[in-house]
Amino acid sequence: GAGPSDEDDEALAQGEDQAEGRGQLLPYLSIRSWLMVGAALFMVVLATMLTFFPAPPMITAFLFGVPSLILAVLILDRLDIDRWTMAIIVGGLLLYNSYLSYTGFGERNFDGGSQLEYIKYIVEHRALPAGDTCFICHHPPLYYILAALAFRFFELTRLAEPTRGIQILSLLFIFAFIVHGTLTVKRFTTRTRVIAVTTALVTFWPYTIINSVRLHNDVLVCAFVGMGIFYLVRWYQEDRARDMWLGAGLAVAAVLTKSNGYILVAILGVTVLERLLSRPGRLRMLKRVVPPLLAAVMAVGTYATLRGPKGDVDLRERVLGEAYKIHWRDFTTNEPGNYLYFDVETFIQEPYVMARLDGSGRQSFFTHLLKSSLFATHNTSADSETSYRFNRRIAEVMNFMLLAMLALLLGALAMVKRDRLRRYFLLFA
């Protein structure tokens with residue numbers, strides 16, 4: 001039921017025409033736009049008032065929560081997201097806020113203290129720290145600059161604890177990630193059920209919930225990668241120069257957030273290469289894509305020169321920085337068995353992969369890859385909640401369901417005609 005349909009292309013075109021027609025209804029647009037502006041202005045005025053006349057945290061949360069949800073619904077409506085999918089996203093936001101109410105910045109976040117140390121250094125010194133100032137100060141600075149601004153804002157306004165303010169910032173990043181994931185799916189199908197199920201998977205995926213209020217640069221790099229994929233998909237389908245500029249710009253932003261951002265750079269390169277090899281008009285396309293790609297390379301190169309390792313270092317280290325180095329306790333063997341052997345029993349029974357503890361499945365590449373995408377990776381000890389048998393059972397069920405979902409996906413792909421797979425090229429890239 002969720003596989004590719006031959007009717008999707010025609011339905012997508014009709015849907016885009018209908019959406020464009022709705023967008024031309026000025027009264028509808030003006031009402032929605034005024035509501036969006038009104039909700040935003042209300043929160044600005046409210047923030048100003050509460051700065052001088054503080055209210056209890058629960059009241060403050062309620063006063064900001066209601067207009068925030070209204071604004072989120074208006075944004076989703078503006079993006080032509082159907083009501084079922086909208087309800088899923090709003091439900092996710094309510095869940096994240098509930099999770100925030102009892103989750104500190106250091107929970108399920110083993111290096112949260114070092115992350116905060118980086119942010120506080122920027123706040124206090126108004127400068128970037130040297131790479132050896134703290135445990136994670138070698139990371140690119142974009143997330144920490146934005147988090148420092150949020151920290152200082154909440155410190156001055158006293159609307160919430162500064163660390164709580166950074167967690168609220170993470171909520172905004174995750175909202176952008178989910179919305180662009182939904183928009184990406186809508187580029188491939190108009191079937192409401194498929195869009196809703198896919199959005200639900202992304203919204204309620206365990207790692208999404210963990211990241212929703214996490215004080216960590218992973219949150220921002222996920223948002224940039226999700227947004228970048230959407231614009232690259234739209235460029236791949238419609239060949240609009242603006243989308244390539246946005247995709248390249250988001251790739252740069254992702255790299256300036258964390259080395260994981262090179263994933264988006266790789267997707268960008270593969271996408272451009274595939275277009276060059278598979279479609280006519282290569283010279284015309286090159287003229288359109290070279291300027292944004294060149295600008296992206298220059299931006300990353302400038303950053304690597306100013307903030308990268310100094311002296312005579314390996315090219316890989318100059319590109320990836322300290323992320324190229326692996327702590328000796330994190331090393332595993334690098335044999336064919338690490339990539340070919342998959343221990344199903346360990347995968348299901350162990351809630352987490354321990355980066356520095358054998359027996360958790362860390363030696364298996366695919367166990368590490370899949371499990372880290374589900375619950376994240378821990379260093380030497382799991383969260384205390386896994387000491388409860390009931391919670392471990394829940395983790396086992398989720399681990400099993402992940403394998404079942406992947407098996408279903410691979411089975412469905414095996415039945416898709418080869419000429420249909422090309423339409424979904426970017427999803428595999």
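Just after helix H5 of this predicted model, Arg-126 adopts a positive phi of about 50°. The helix that precedes this residue covers residues 112-125, 14 in number, and its first and last C-alpha atoms are 20 Å apart, close to the 20 Å expected at 1.5 Å a residue. Its buried residues are Gly-112, Ser-114, Gln-115, Leu-116, Tyr-118, Ile-119, Ile-122 and Val-123. One of these, Tyr-118, also belongs to a cluster in which ring pairs link Tyr-118, Tyr-143 and Tyr-144.

Across the whole structure, a search finds 8 aromatic pairs. Phe-230 and Tyr-231 form an edge-to-face pair, with 4.9 Å between centres and 70° between planes. Phe-230 has a relative accessible area of 6% and is therefore buried; Tyr-231, at 16%, also counts as buried. The rings of Phe-365 and Phe-366 are likewise edge-to-face, because their planes stand at 85°, with the centres 5.1 Å apart. Here Phe-365 is partly exposed, with a relative accessible area of 39%, and Phe-366 is partly exposed, also at 39%.

Phe-365, which lies in helix H17, contributes with Phe-366 to a nonpolar surface patch of about 530 Å², completed by Tyr-339, Leu-340 and Leu-369. Helix H15 (336-340) and helix H17 (365-375) each provide at least two residues of this patch, and H17 gives the most, with 3 residues.

Charged side chains also meet aromatic faces. Lys-371 lies over the face of Phe-347, at 4.6 Å from the ring centre, while Arg-275 lies over the face of Tyr-236, at 5.9 Å from the ring centre.

Technical notes:
Residues are numbered from 1 along each chain as its sequence is written. This is a predicted model: local features need pLDDT of at least 70, side-chain atom pairs count only at pLDDT 80 or more; totals for chains, interfaces and linings use all residues. Side-chain values use heavy atoms; hydrogens and water are left out. Patches are made of residues with over 30% relative accessible area and no salt bridge: like charges are joined within 9 Å, nonpolar side chains (Val, Leu, Ile, Met, Phe, Trp, Tyr) within 5 Å. Accessible areas come from the Shrake-Rupley method with a 1.4 Å probe; for residues, only the protein chains shown count as cover. A salt bridge is a side-chain nitrogen of Lys or Arg within 4 Å of a carboxyl oxygen of Asp or Glu. Helices (H or I, at least four residues) and strands (E, at least two) are DSSP runs, numbered from the N terminus. The expected span of a helix is 1.5 Å times one less than its number of residues. Buried means under 20% relative accessible area, exposed over 50%, partly exposed in between (1.4 Å probe, protein chains only). Rings of Phe, Tyr and Trp (its six-membered ring) pair if their centres lie within 6.5 Å; planes under 30 degrees apart count as stacked, over 60 as edge-to-face and the rest as tilted. A charge sits over a ring if NZ of Lys or CZ of Arg is within 6 Å of the ring centre and within 35 degrees of the ring normal.
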